[in-house]
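Biologist: I should like a close look at a single part of this predicted model, followed by an account of its wider setting. The structure is shown below.

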Amino acid sequence: MCGIVGYIGESQAAPILLDGLSKLEYRGYDSAGIAVYDGENIRVQKAVGRLKVLSELTHDGATMPGISGIGHTRWATHGAPSNDNAHPHYNQTETIAVVHNGIIENYLKLRKRLEQKEYQFLSETDTEVVAHLLDYYYKGDPVETITKIMHRVEGSYALGIIFKDHPGKVYAVRKDSPLIVGHGKDGNLIASDVPAVLKYTREVYFIQNEEIAVLTKENIGFYNVDGEEIQKESTTIDWDINAAEKGGYEHFMLKEMYEQPRTVRDTLNPRIKDNKIVIEELGMSDEEIQAIRKIHIVACGSAYHTGVTAKYIFEGMARIPVEVDLASEFRYRNPILGEEELVIIISQSGETADSLAALREAKAKGAKTLGIVNVVGSSIAREADKVMYTWAGPEIAVATTKAYSAQLVAEYLLAVKFAQVRGKITEEEVGGFLKDLQKLPEQIEMLLGNQEKIQHFANRYIAAKDVFFVGRGIDYAISMEGSLKLKEISYIHSEAYAAGELKHGTISLIEEGTLVAAVVTQEELYKKTISNIVELRSRGAFVLAVTNAGNQEIEKAADYVLYIPQTNKYFTNSLAIIPLQLFSYYVSVGKGCDVDKPRNLAKSVTVE
């Protein structure tokens with residue numbers, strides 16, 4: 001949510017700010033703005049709508065000269081999308097400009113105090129409070145000023161700040177909202193996420209909570225909340241810069257779907273050695289794994305759906321009890337946790353606010369924690385006791401595809417590893433699992449090659465009002481993700497139901513011609529799910545079935561069948577989700593929707 005970019009160096013700042021913001025569009029936004037110091041004053045230009053509006057207003061930055069500045073894409077929280085509410089925000093004398101990602105929880109109290117001191121507000125935002133607070137405490141030393149507001153502001157924030165009195169510097173500070181610093185040859189940058197700086201540098205610093213960064217053209221300094229200088233080590237980002245570009249595909253989402261075979265290989269191959277699973281960064285001994293008595297999986301959105309799948313796998317294969325929670329609900333049920341329990345936090349960005357809060361809750365209650373994340377050095381990766389990375393590279397489209405597939409594979413590996421260490425599966429079974437895992441990339445490639453058939457089918461349902469997804473066991477988890485993909489990017493009302501629950505009310509929603517996607521990959525549940533399909537068709541539903549190759553029986557029950565290659569029953573999600581992703585994509589394209597940036601959605605949800 002929201003995107004921040006800042007630059008100071010030898011080049012013109014505005015084009016770099018606009019370019020950096022364009023790499024953060026996936027985070028979701030409804031307005032954008034930049035502030036640049038032109039040698040005399042801080043100039044601000046803002047616009048409602050897509051970034052191209054701001055680019056056109058500034059002639060791609062040419063009308064805003066200057067070598068230092070900050071930029072922002074805003075996802076509205078406090079106040080509707082408007083020029084006044086867009087960032088950057090000034091103080092009253094226009095000598096300080098600030099951009100902000102996060103939420104200032106005590107902003108109303110602070111605003112009231114500032115108004116009593118005759119500060120005038122032009123916006124409805126919580127961020128303008130920060131601009132005026134900076135003005136109120138400023139006595140010539142920006143770092144001292146920033147530390148004072150850190151002691152008074154409650155909530156989450158990542159801030160980029162420039163002061164007219166200090167034109168050769170850009171300032172940044174964070175608490176619970178992501179922010180990185182990039183060290184380049186021609187200047188230094190701040191950004192909310194890595195893709196914004198990849199074009200200019202691979203050397204980045206991850207700012208931790210309540211740390212301040214001060215950037216000049218040549219140097220970067222870091223300070224703690226008391227204003228004391230601290231030392232930090234940089235990280236080299238080895239992402240392929242082309243991975244953050246469309247590479248000839250019409251949409252990032254389509255490109256990322258076709259990257260899934262590589263993503264699965266990259267997540268699998270380094271962890272399979274001599275027919276054994278070796279997860280070096282996990283750092284858990286066999287004794288620690290054997291001591292686990294219960295697993296809690298906590299995540300949001302699609303990551304939560306992988307967790308639902310993992311529950312069936314861990315319980316079925318490793319015989320460990322598993323609970324799966326939405327991160328936004330986990331803390332509020334006051335979970336019972338202990339030192340023999342493992343809490344697995346799954347997050348693509350490693351910065352999801354609810355997931356990060358759940359991690360901290362789990363640690364506070366004494367549980368062991370494991371983060372499954374895609375971004376090296378992210379908050380969850382740093383704060384979890386153990387970490388396992390998914391090597392998906394940058395994922396730009398808001399609707400996840402390749403990160404979802406990588407998370408599944410990471411969970412498969414963990415489940416097999418845990419089951420083996422705990423003596424629940426034989427060496428022969430381990431070998432069979434690993435063979436099936438290593439076949440997945442090729443099988444996914446085959447399914448992606450079947451896109452024309454799925455596109456043709458999707459064209460029939462562009463005007464659909466309601467679509468339902470059903471399944472049992474792991475197939476229900478797959479249905480949840482299939483349904484989410486469709487509603488996310490096509491805006492068609494879609495729901496996923498456990499097929500056995502249809503009789504308990506939801507079958508009343510079925511009308512003549514209603515599309516129902518039935519996922520049928522669990523062989524022991526074939527007959528029961530086919531019975532549900534027959535019930536649906538008898539009430540007028542048109543049933544699309546996704547099932548395993550060889551399940552010919554289903555052709556008598558369903559109207560249209562898509563087959564996936566044979567694999568172990570625990571790994572079918574990795575294959576069955578591919579046709580559902582493609583179906584959602586082609587329905588969305590047919591409707592003319594913005595596939596990569598669906599309305600109202602953000603890639604990285606960094607506020608509760």
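How many bridges join β8 to strand β12 (residues 211-215), and do the two run parallel or antiparallel?

Modeller: In this predicted model, β8 and strand β12 (residues 211-215) run antiparallel and are joined by five bridges. Within that pairing, Tyr171 has Val214 of β12 opposite it. Strand β8 itself spans residues 170-175, and five of its six residues are buried, so the strand is mostly covered. For reference, a residue counts as buried under 20% relative accessible area.

β8 also pairs with strand β7 (residues 155-163), in the antiparallel sense and over four bridges. Here Tyr171 of β8 faces Ile161; Tyr171 is thus a point of reference for both pairings, with Ile161 opposite and Val214 opposite. The connection from β7 to β8 is a hairpin of six residues.

The wider setting includes an open sheet of eight strands. Their order is β3-β2-β4-β1-β10-β9-β11-β15, and the pairing is antiparallel. Its edges are β3 (42-48) and β15; each has a single partner strand, so one side of each lacks a neighbour in the sheet. Further in, strand β1 (residues 3-9) is paired with strand β4 (residues 68-74) through six bridges, again in the antiparallel sense, and Gly6 has Ile70 of β4 opposite it. Strand β9 (residues 180-183) runs antiparallel to β11, with three bridges between them; there, Ile180 has Phe206 of β11 as its bridge partner. β11 in turn pairs with strand β15 (residues 235-236) over two bridges, in the antiparallel sense, where Glu203 has Thr236 of β15 opposite it.

A salt bridge connects the neighbourhood of this sheet to a helix. The side chains of Lys199 and Asp19 meet at 3.9 Å, N to O. Because Lys199 belongs to the loop between β10 (187-191) and β11 (203-206) and Asp19 to helix α1 (residues 13-22), this pair ties together parts that lie 180 residues apart in sequence. The two partners differ in accessibility: Lys199 counts as exposed, at 53% relative accessibility, whereas Asp19 counts as buried, at 16%.

That contact belongs to a total of 25 salt bridges in the structure. Another one pairs Glu361 with Lys365 at 3.5 Å, N to O; Lys365 is partly exposed, its relative accessible area being 27%. Asp385 and Lys363 form a further salt bridge, at 4.0 Å, N to O. Since Asp385 sits in the loop between α12 (379-383) and β22 (386-389) and Lys363 in helix α11 (residues 353-364), the pair links parts that are 22 residues apart in sequence. Asp385 counts as partly exposed at 40% relative accessibility, and Lys363 is likewise partly exposed, with a relative accessible area of 36%. Lys255, Glu259, Arg262, Asp266 and Lys402 are linked as a network of salt bridges.

A second open sheet has five strands in the order β24-β23-β25-β26-β27, with parallel pairing. Its edge strands, β24 (493-498) and β27 (560-564), each pair on one side only. From one strand to the next, the twist averages 20°. Strand β23 (residues 466-471) and β24 run parallel and are joined by six bridges, with His493 in β24 as the bridge partner of Asp466. Two helices lie across strands of this sheet. Helix α15 (residues 451-458) lies across β25 (515-520), β26 (542-548) and β27, and runs at about 150° to β27. Helix α17 (residues 526-538) lies across β23, β25 and β26, and runs at about 170° to β25.

Finally, there is a helix pair to consider. The axes of helix α13 (residues 402-421) and helix α18 (residues 573-591) approach within 10 Å and cross at roughly 170°; α13 and α18 are therefore roughly antiparallel to each other. Their crossing is right-handed. At the contact, Tyr404, Leu408 and Tyr412 of α13 meet Asn573, Ser574 and Ile577 of α18.

Note on methods
Residues numbered from 1 in each chain as written. Predicted model: local features only at pLDDT ≥ 70, side-chain atom pairs only at ≥ 80, totals over all residues. Heavy atoms only, no water. Buried < 20%, exposed > 50% of the residue type's maximum accessible area, 1.4 Å probe, protein only. Pairing = 2+ DSSP bridges. Axes fitted to C-alpha atoms, helices over the stretch in contact; angles between N-to-C directions. Parallel < 35°, antiparallel > 145°, perpendicular 65-115°, else oblique. Left-handed = near helix turned anticlockwise from the far one by under 90°. Contact = heavy atoms within 4.5 Å.
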